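I am opening a fresh page for this chain and will write down each look-up as I make it. I begin with a single residue and widen the view from there.

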Amino acid sequence: MVEIVRNANELEKVILKEPHGSVAEVSLFGGQVISCKNERGEELLFLSSKFCNMGALERQGFAKTRLWSIDPETPFLSSGSSSTGDGSNKAVIDLLLKPSENDRRIWPHIFELRLQVALGPGGDLILTLRARNTDSKPFTFTIGLHTYLSVSDISEVRVEGLETMDYLDNVRHLERFTEQGDALTFEGEVDRIYLSTPTKVAIIDHDKKRTYVLKKEGFSDTVVWNPWERKCKAMTDLGDDDYLHMLCVEAAVVETPIVLKPGEEWKGRKKLTAVSSSYFSGQLDPDRVLHG
């Protein structure tokens with residue numbers, strides 16, 4: 001089921017309700033999924049209580065700070081559910097962004113950006129992003145789908161699937177390194193662009209006994225970010241201690257930008273699944289999660 005409501009700021013948002021009880025909220029401001037709860041009511045995503053349209057968000061691309069619309073060509077608006085091509089029914093909404101005159105002053109190209117948000121059983125979240133060149137000349141761009149995960153304590157979280165990968169370290173002026181550990185853990189600020197990464201990454205939350213699995217298609221790179229204490233306190237859209245309970249893992253295209261000729265379209269897809277894990281007792285096999 002799909003429900004369209006207005007929040008306290010008079011901005012529209014979309015509520016997706018999946019038959020088994022999972023619920024997601026999608027804000028038309030930024031085309032952002034701001035909440036995703038599984039059938040047990042557990043929140044999977046992080047949203048700061050100080051979230052606003054100021055601060056560091058603009059550096060991540062203007063699409064995240066623009067008002068999207070519901071795509072009028074969505075064929076299932078009346079029913080609010082549709083098959084997404086994998087043989088199952090999900091609660092689905094399609095969003096659309098076209099550049100305004102002001103946007104064209106920032107980035108002088110004409111395009112259509114479409115985002116399909118699909119919610120499945122267990123809170124499975126599938127985001128499908130399409131960018132089409134409707135201009136008369138080619139353009140080049142980078143792109144990413146930011147996922148801010150809710151975690152119990154960042155010091156108890158590990159990311160697996162990026163071992164041996166090269167990365168650009170934004171904390172060290174984009175110097176290039178190779179991941180040496182068998183997992184990425186967090187003891188300070190992390191802002192890395194992992195290059196040519198596998199299709200699956202597992203984020204294991206020790207305390208919550210939960211494993212997030214991120215699967216991507218069409219995105220070559222993976223960004224991992226946590227601002228840590230000092231930078232978190234300096235940001236207008238994060239609370240002082242928010243860094244303890246969030247981790248951004250992003251499917252992205254960064255190192256080699258996408259080039260679209262007139263009429264061409266690029267497509268990327270990301271699926272977020274949360275599964276219970278017994279990592280605390282040493283029984284979780286990360287390889288099974290990543291490759292199973």
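Is S35 buried or exposed? I looked this up in what is a predicted model, and found S35 buried, because its relative accessible area is 9% and the cut-off for buried is under 20%. I then placed S35 in the secondary structure, where it lies in strand β4, which covers residues 32-37. Leaving aside residues up to four places away in sequence, I listed what S35 touches and noted V23, A24, E25, E43 and L45. For one of these, E25, I also took the C-alpha to C-alpha distance, which is 5.1 Å for two residues that are ten apart in sequence.

Next I turned to the chain as a whole. I counted three helices and 21 strands in its secondary structure, and I noted that buried residues make up 50% of its 292 residues. For contacts with a separation of 6 or more, I found that 66% come from residues 24 or more positions apart. The exposed surface comes to about 14,000 Å², and carbon and sulfur atoms supply 48% of that area.

I went on to the aromatic rings, where I found nine aromatic pairs. The pair I examined in detail is W228 with Y243, whose ring centres lie 5.2 Å apart and whose planes meet at 55 degrees, so I entered it as tilted. This pair links distant parts of the chain, since W228 belongs to helix α2 (residues 228-234) while Y243 sits in the loop between α2 and β20 (246-260), 15 residues away. I checked the cover of Y243 as well and entered it as buried, because its relative accessible area is 8% and the cut-off is under 20%. Elsewhere among the rings, I noted that ring pairs join W107, F111, F139, F141, F219 and W266 into a cluster.

My last look-up concerned enclosed space. Rolling a probe the size of a water molecule over the atoms shows where empty space is left. I found one cavity of 30 Å³ or more, and I recorded a volume of about 70 Å³ for the largest cavity. Its lining consists of T199, V201, L214, K215, K216, T222, V249, E250, A251 and K270. The elements that give two or more residues to this lining are β18 (210-217) and β20. Sorting the lining of the largest cavity by residue class, I obtained four nonpolar, two polar and four charged residues.

Key: Residues numbered from 1 in each chain as written. Predicted model: local features only at pLDDT ≥ 70, side-chain atom pairs only at ≥ 80, totals over all residues. Heavy atoms only, no water. Phe/Tyr/Trp six-rings, centres within 6.5 Å; stacked < 30°, edge-to-face > 60°. Helix = DSSP H or I, 4+ residues; strand = E, 2+ residues; numbered from the N terminus. Buried < 20%, exposed > 50% of the residue type's maximum accessible area, 1.4 Å probe, protein only. Contact = heavy atoms within 4.5 Å. Areas by Shrake-Rupley, 256 points an atom, 1.4 Å probe, with all protein chains shown as cover. 1 Å grid on protein atoms, 1.4 Å probe; cavity = no way out; pocket = protein on both sides within 12 Å on 5 of 7 lines; lining within 4 Å. Points joined across faces, edges and corners; volume = space filled by probe spheres on them. Nonpolar A, V, L, I, M, F, W, Y, C, P; charged D, E, K, R; others polar.
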